[in-house]
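Q: I have a structure to look at and have not seen it before. Can we go through it together?

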Amino acid sequence: MPLSPELAALLAPPAPDRLPLPPAAHPVTGARLVRGAVYAAFDGIRPLELDLWLPDEPHAPLPLIVYIHGGGWRTGTRTDMGPRLRHWDPSPFARLARAGFAVASLDYRLTGESAVHPAQLEDVTAALTWLHARADELGLDVGRTVTWGESAGAHLAALLALTTPVLGCIAWYGPTDLTTLPEQSRPGTYDATSRTTREALLIGAALDTAPDRARAASPVTYVTADAPPFLILHGTEDSLIPLAQSEQFSAALRQAGASVDFRPVPGADHAWAGLSDEDVERCFDTSLDFARTLASPPPLPT
């Protein structure tokens, strides 16, 4: 039975950019957390949410880090910056807020939810649009936005940085060219004919049967001279996403005339497995320094 216009208007969900924000919590000294703000409400799926970490007492509009979690586009949570950082207290997000950044850590549709590319890119783009719409309310300087992600999140952070104006991108061990990933993987470890690999589930087809889809889902496809600066960190012993992916992507950025700082991390497997705690801290601090240099947040009072 069709709804009357009046009832349809009453039942329509409110636009996310007009929903009340959740109340802020204070999980650690020096940082506030707005947990579970709805940034998108597509028909037929769960609302998509983000967590927003903020300095406790900001004194100017804040530079913004948009963080995108990993998990092979199939698992993962916006509360997680990777397995080696889960035990940090305060969390890496709280540390970034204490350093003077706003940090938006995002949900996005996963492949188990029948979402294939470009759904995930549409989601993270919608999150950035929401942050722009509420920038004044939240005290954000969205003109100073840096994207950051690990693994599948690095893939999305790179895609977002190459398709939307931002200041820069931090990519930790992400896949960047799905067309070359099988041949760059260790012999016998990747079946490009399979429809069940993480990448095949992302594009909705086996890689060898859908090269156009694989190319469209690859950040390297969108590299131009206008690309923002990139910091790329990737373990030399990565057994899941080959180091050659970041080598190839960095070379493409340089060839286009874009700025890239590519740092192979000696001895590191995927997700910083094999590194000491001190070396994991060093990867984080290097990334924070890169974001700080680009966004130049004002110093917080001591």
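The chat below goes from the whole chain to two helices and then to some backbone details.

A: Yes. Keep in mind that this is a predicted model.

Q: OK, how many helices and strands are there in the protein chain?
A: The protein chain has 10 helices and nine strands. Its radius of gyration is 19 Å, close to the 19 Å given by the globule rule for 302 residues, so the chain is as compact as a globular protein of that length.

Q: And what does the C-alpha trace span along its principal axes?
A: About 65 × 60 × 35 Å.

Q: What share of the residues is buried?
A: Buried residues are 53% of the 302. Among contacts with a separation of 6 or more, 69% are between residues 24 or more positions apart.

Q: What about charges: how many positive and negative side chains?
A: There are 22 positive and 35 negative side chains, and the centres of the two sets lie 1 Å apart.

Q: Switching to helices. What is the length of H10?
A: Helix H10 covers residues 277-295, which is 19 residues. From first to last C-alpha it reaches 27 Å, close to the 27 Å expected at 1.5 Å a residue.

Q: Which residues of H10 are buried, and what covers them?
A: The buried ones include Val280, Cys283, Phe284, Leu288 and Phe290. Their cover includes helix H2 and strands E4, E6, E7, E8 and E9.

Q: What comes just after H10?
A: Ser296, with a positive phi of about 45 degrees. In general, most residues other than glycine have a negative phi.

Q: Where else is there a positive phi on a residue that is not a glycine?
A: Ser114 has one of about 60 degrees, and Tyr173 has one of about 45 degrees. Ser114 is in the loop between E5 and H3, while Tyr173 is in the loop between E7 and helix H6.

Q: Are those two buried or exposed?
A: Ser114 counts as exposed because its relative accessibility is 72%. Tyr173 is buried, with a relative accessible area of 1%.

Q: Which peptide bonds are cis?
A: One joins Asp89 and Pro90, with omega about 5 degrees. Another runs from His117 to Pro118, with omega near 15 degrees. Pro90 lies in the loop between E4 and H2, and Pro118 lies in the loop between strand E5 and H3.

Q: H3 again. What is its span?
A: Its 15 residues, 119-133, should span 21 Å at 1.5 Å a residue, and the end C-alpha atoms are 21 Å apart, which agrees. Buried residues in H3 include Leu121, Val124, Leu128 and Trp130.

Definitions and conventions:
Residues are numbered from 1 along each chain as its sequence is written. This is a predicted model: local features need pLDDT of at least 70, side-chain atom pairs count only at pLDDT 80 or more; totals for chains, interfaces and linings use all residues. Side-chain values use heavy atoms; hydrogens and water are left out. Helices (H or I, at least four residues) and strands (E, at least two) are DSSP runs, numbered from the N terminus. The expected span of a helix is 1.5 Å times one less than its number of residues. Buried means under 20% relative accessible area, exposed over 50%, partly exposed in between (1.4 Å probe, protein chains only). Contact means heavy atoms within 4.5 Å. The radius of gyration is taken over C-alpha atoms; the globule rule is 2.2 Å times the number of residues to the power 0.38. Lys and Arg count as positive and Asp and Glu as negative; His and the chain ends are not counted. The place of a charge is taken as NZ of Lys, CZ of Arg, CG of Asp or CD of Glu.
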